[in-house]
Structures are given as structure tokens and as C-alpha cells.
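Hi,

Here is the structure I promised to send over. Have a look at it first, and my notes on what turned up follow below.

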There are 2 protein chains.
Amino acid sequence: MTAPRPTLEAVAAHAGVSRATVSRVVNGGTGVRSSLAERVLRAVDELGYVPNQAARSLVTRRHDAVAVVIAEPETRVFTDPFFARQLRGISKELTALDSQLVLLLVEGRNDYARVGRYLAGGHVDGALVFSVHLDDELPDIIRRSALPTVYGGRPDRDGEHTPYVDCDNRGGAREAVRHLRSLGRERIAHITGPLDQTSAVDRLDGYRDVLPDADPALLAHGDFTPAGGERAMRELLDRSPQLDAVFAANDLSAAGALRVLHEQGRRVPEDVAVVGFDDLEPVAEQTSPPLTTVRQDVEEMGRLMARLLLRGLERDGRERDGRERGDAQEGPGESVVVTPTALVRRASA
Amino acid sequence: MTAPRPTLEAVAAHAGVSRATVSRVVNGGTGVRSSLAERVLRAVDELGYVPNQAARSLVTRRHDAVAVVIAEPETRVFTDPFFARQLRGISKELTALDSQLVLLLVEGRNDYARVGRYLAGGHVDGALVFSVHLDDELPDIIRRSALPTVYGGRPDRDGEHTPYVDCDNRGGAREAVRHLRSLGRERIAHITGPLDQTSAVDRLDGYRDVLPDADPALLAHGDFTPAGGERAMRELLDRSPQLDAVFAANDLSAAGALRVLHEQGRRVPEDVAVVGFDDLEPVAEQTSPPLTTVRQDVEEMGRLMARLLLRGLERDGRERDGRERGDAQEGPGESVVVTPTALVRRASA
């Protein structure tokens, strides 16, 4: 391995002073005699000591780094293009502000405690968290870390005081179902997302807003994956063979549903019209037929999350300075952003 | 945003002691009177102070976290399945050892200085780095951070003292070309990878080992992407229309080459036999026809990188302890691992 880096202790020994004195000089603190400070700085030079950001951060609390936590196993992060797209927006925005994107990957929920330790450990200025599930411990763990945090997607049903960026899931779902109804479809099924996520619950609510009396046999549970969409579509065709439309809670589920419809000889859109949600490239354009879907600007939402977090950090900094000067405090600012959705018509409905 | 976390300074003020005393108590140091230590711990409790890992790490140098740096733009990390596969191996191994995987994403080379600051900043115990290019500043930046590092792929031509994990690129390439020759092919072309990466150079060397007198017109430059493979294949067909085989430096390039061959009416393998490199799922199995390729176990290589790094960290720790006790030092251990490759025959050759 590499040569060990000179430690603060080594500098202290070399300069013949205490660790605390070295720490104070290195961190730009005051109250050290200039002759002592000079000795310390000479030792720093001679040993090639790199002051540890960890040490400086005790004073400055600025790491120029932001953690991103996706509450899904690492394998899903790399197979669902939604995450790549959201990360792209975050990465662009953080890079523009010269802040390092630190992606904390997990294998499963057992790893959240370790993520919490890292977040509380003084390695990042804040956290961006997405794909949280309602029974996840993660939001509690993150709250205990006391780190400024912005969520992607509303974290829970009454998370009013938690800053987040979300799209208008319920309104978008209503538009999808109204569109299917406008095509004269009368038996409109819904493949849900995982109902432990608010985005899936909101899209189901939107479906119910338009079709409050829909037959429960027209509902099947999916999980936002193509395999889940296939399973749900088979279930629906078994239970309600006369269905003439499907609103799937995301594009990946819709892609799975389309494969099953094709396999079972149902023509899309003639026999069954299909609408998805997300408008993810390349999924929505490459399905057969290309997918009518509800567009949300996932990359822009990533950018907004990063911006909201960094704006909050700056405000916190100004408030701290302001309190020290005795200034009046600023208001809390906008801490929830809901972005619009839009129906994109292609061949499937 | 969230409430500010109580600082070390606040604890010091509350306990009526110096910052240095609080720091010493919190970090488990000695030399503090027990009555003072009690006062500090009471203040810690009353304020709900969470000791900063940054502070503790000055003493312990253990963050239970490992950085991964991929020297490619964030967009490529999420579109080339090679990286997802290598990260999967790393993630599994680090999780098993309860170490946090910290993926540092970049947009481009301008971001390496910032990555260097994070690596030198005392946030991780070591770094795993892959996809380095020969003219990248990254290895120098990482060397200056003095952080224990293991590379994925040989970092440069004479990087003998740098621990790395690589596959037998040259031997694998020889096997691919020998296989094409054994099929009676006489005009075997090669689509290279980006020649600023050692893996691409080694595969080209393997091709030349078997065909030292090959016509230079049978060589075309690719860049490990499908689009690069398409461009190179068009070039080859223009220049050497009589070619009867192609060894592509990776599966993604081979997939691009297959599309062009199909488009131009060349039958694979009857007219042109094609061999790739990597055996990446789902690429190699889903090409048309399925791809004969040289398999490297990318996930296992990720695991080996993580293991090599953590074993090195443990050894460094034992040596430090040993030096303090005056023990003899251990040898350097194995710091380079080269994994075997194997030809996987499918329909394309």
C-alpha cells in the first residue's frame, strides 16, 4: 500500500508542541503565540503534512460534498433508468457548484444504519434521498443525523416539514385515465406501483379520482419493474379478460404489460390501449408500439433537489452569520417543489 | 432545513471547559481529570451532541468507508454494464465487511481536483479506482492524497508498485484470434478499444502476438462503445471489403459491428466471423447472432479489488501496531492479481 500520511501527532512531536496547538494553528484558530505557530508551520512544511479536511471541518462545516442515498438495492439503481436520469440532473447541478456528488450504495435495508453513521460522521454538507418506502427506517436515521436533507418524492403522507421535490403524480394519473376515457374505453385497469411509496399511492388516487366506482378486479399490484408489470398484466387478463385499457404506474411496468398483451394476441391499441408514466428514454420510445405516457422531467427534478439543498445551506450559513451580527432572520423560503406533468401521445393509446 | 447540530464549541461552552478538553474526552483520549471528563460527558448528553466522525478519525483513522472512482463521465457509468457489474462485486464485498461504498461521480476531467480534495480530506479509508486513461491526471492526484488505493485494470505501463486487479487481456485476445484462425479465417480484422487504456493496448498486443504480419488496413480504432464499433466496422468494410473475421476489443463494440455487418448484408458467421471480449450480460447473449466472446469475471474482479484494499488496510494497521511493539514487519503481500479469461463459444464465430 502507500506510505502512511504524516499525522497531526507527528507534526506535534516534530515541532515539540501539543496536538491541541497544532490543531489550532492548522485550523486557523487564534490564541497561539506567533513563535509557536511558526514552529508548527515549519513542521507542517518539513513533513509535508496535509491538514485533514476532517479537522478543518470541525471549524468550517464545509466539505463541498453532498451525499445521495437511493433507498433501493444497488442492483436496481443500475437497472432502472429513472435513477440514472435523476442522478444526471443532480450531478450536473452539483458539478456546476463545485460540490462533490457522493453516492452511498446499499445492498438492502440492513445497511441503513451504516449509511446513517456515514451521514452523521461529518463527511458531507447535506443529503439528497430518494425512492424512500413508507416503512423504511431511513428517514428516521437521517433525521437523527441532523444533516440538511432534501427528498426526491414526498417522503411520507404527513412530511410537510421535510423539503422535497416531487412531480404532480396525482394530477398526471388523472390526465392519463381521462385520456383513456376520452378514447371511449370503458374497462380501464390500473397496474399500481409498490404501495409503500407515495408516488404509487398518489397515482392510484389519481386513477380513483376519475373512476371512483371502478371494479376492484381491474386493479393489480406491480412494483415499478418490467417483471412486476408482466405478472400484474397476466393477473388482470385472467380476472378481467374484457378489459380494454391499462394505465400502468410507470413505463417499465407498461413495457412488461405490453409484452404479455402481445404474447396473448391482444392488439395495442385496438383491443387494449396502454398508458405509462415517466416518459423515460429509451424505454417509452422503444416499446412495441411506442408508449403513450405521462411525462415528468426527472433530470430537472434532480437539478431542483440539488439547488434546494444548496440554497438551504447558504441560507443557514447567512442566518448563522446574521445571528452573530444580530440581524433579523430570513423566512424559511420555499422548501417543497412540485413539478408539472404532461401527457405525451405515441401509438399505444 | 433542519435544526443546526450542537457543535463541539457549544459543548465546551456548556461545560465551561476548552474545546481541546472536549475533543480529548469525546475521542477517548487520556490526560483529562475525571471530574472534568464527567462535566464534558454531562454536557454532551444534555445538548444531544453527536461526536463528529471527522474528529474521531483524527485518532482512529477508520471511517469504515471506501471510495470508488470511475474515470469516466457519470453518463457512461450508467450506460456501460461493465461498470454496474464491477460495482456489484465491490458493493457485495464491502457490505459483507460492513464498509460503506462511497461512489464519487464526475462529469469530466475538470472534476478530478475536487475528487482529490475529497479523497485527501479524511472521509474514507481507501480508494478503488477504475477505467483510468494513460493521460489522466487522476493517478497523480490520488498518489498525492496518500490514500491506500487499488486499481481496476493496470493503471499504466510501468505501474508495478501500484496494487491492481486485472484480467489476462493479452492472453484472452490471443485466444480469440487463434480461435478465428482455427476456423480457417485468413483476413482477421481488429476493432481496438481506446488506446489510452492499458486493457485496449494489451488486447491489441495479443492480436499482434498471433498475427505479427497483419495488414495495417485490418486495424480500426474503437472506443469500447457500440457507436464506436459501428464507425470502426464501416471503416474496415470500406478499406478491406474482403475481410472474413473481426475481433472486437469488447462486447459493446462487437454489438455495433454486428449491426453494420447485418445492414450491409454480410452473414455472420458465414461471411464474417465475430468475437468480442468481456461476456457481459445481457449484451453478449442478446446480439444477433449471439456473440462468441472472451469471458472475464468482472463481478469477481470487483470483489477482489475490495478484498485487496481491505487486506492491505488491515496489514498496515497490524504493522503500525507491530512497530509500536517492536515486532518484525510482515512482507508486502500480493498486491497484483491477474484473473484468467476463457473463450465462450456462441453463434457468431
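Let me start with the sheet in chain A, bearing in mind that this is a predicted model. The sheet is an open one of six strands, its order is 7-6-8-9-10-12, and the pairing is mixed. At the edges you'll find strand 7 (219–221) and strand 12 (342–344) of chain A, each of which pairs on one side only. Going from one strand to the next, the twist averages 20°.

If you want a spot to zoom in on, try strand 6 (residues 188–192) of chain A, which runs parallel to strand 7 of chain A and is joined to strand 7 by three bridges. In that neighbourhood, A:T192 stands opposite A:H221 of strand 7 in chain A. As a reminder, strands of a sheet pair through backbone hydrogen bonds, in either a parallel or an antiparallel way.

What lies across these strands? In chain A, helix 12 (residues 251–263) lies across strand 6, strand 8 (245–248), strand 9 (273–278) and strand 10 (292–295). Relative to strand 9 of chain A, helix 12 runs at about 155°.

Next, the aromatic rings. How many aromatic pairs does the structure hold over all chains? There are five. One of them is A:F82 with A:F83, an edge-to-face pair at 5.8 Å centre to centre, with 90° between the planes. A:F82 has 18% relative accessibility, so this residue counts as buried, the cut-off being under 20%. A:F83 is buried too, with a relative accessible area of 2%.

Over in chain B, B:F83 pairs with B:F130, and here the rings are stacked: 6.1 Å centre to centre and 25° between the planes. B:F83 belongs to helix 6 (residues 81–96) of chain B while B:F130 belongs to strand 3 (residues 126–130) of chain B, so this pair ties together parts that lie 47 residues apart in sequence. Both B:F83 and B:F130 are buried. Back in chain A, ring pairs link A:F82, A:F83 and A:F130 into a cluster.

Last, two arginines to click on. A:R203 lies over the face of A:F277, 3.8 Å from the ring centre. In chain B, the charged end of B:R203 sits over the ring of B:F277, and the distance to the centre of that ring is 3.8 Å.

Cheers

Technical notes
Residues numbered from 1 in each chain as written. Chains lettered and ligands numbered in written order. Predicted model: local features only at pLDDT ≥ 70, side-chain atom pairs only at ≥ 80, totals over all residues. Heavy atoms only, no water. Phe/Tyr/Trp six-rings, centres within 6.5 Å; stacked < 30°, edge-to-face > 60°. Buried < 20%, exposed > 50% of the residue type's maximum accessible area, 1.4 Å probe, protein only. Helix = DSSP H or I, 4+ residues; strand = E, 2+ residues; numbered from the N terminus. Lys NZ or Arg CZ within 6 Å of the ring centre and 35° of its normal. Pairing = 2+ DSSP bridges. Axes fitted to C-alpha atoms, helices over the stretch in contact; angles between N-to-C directions. Contact = heavy atoms within 4.5 Å.
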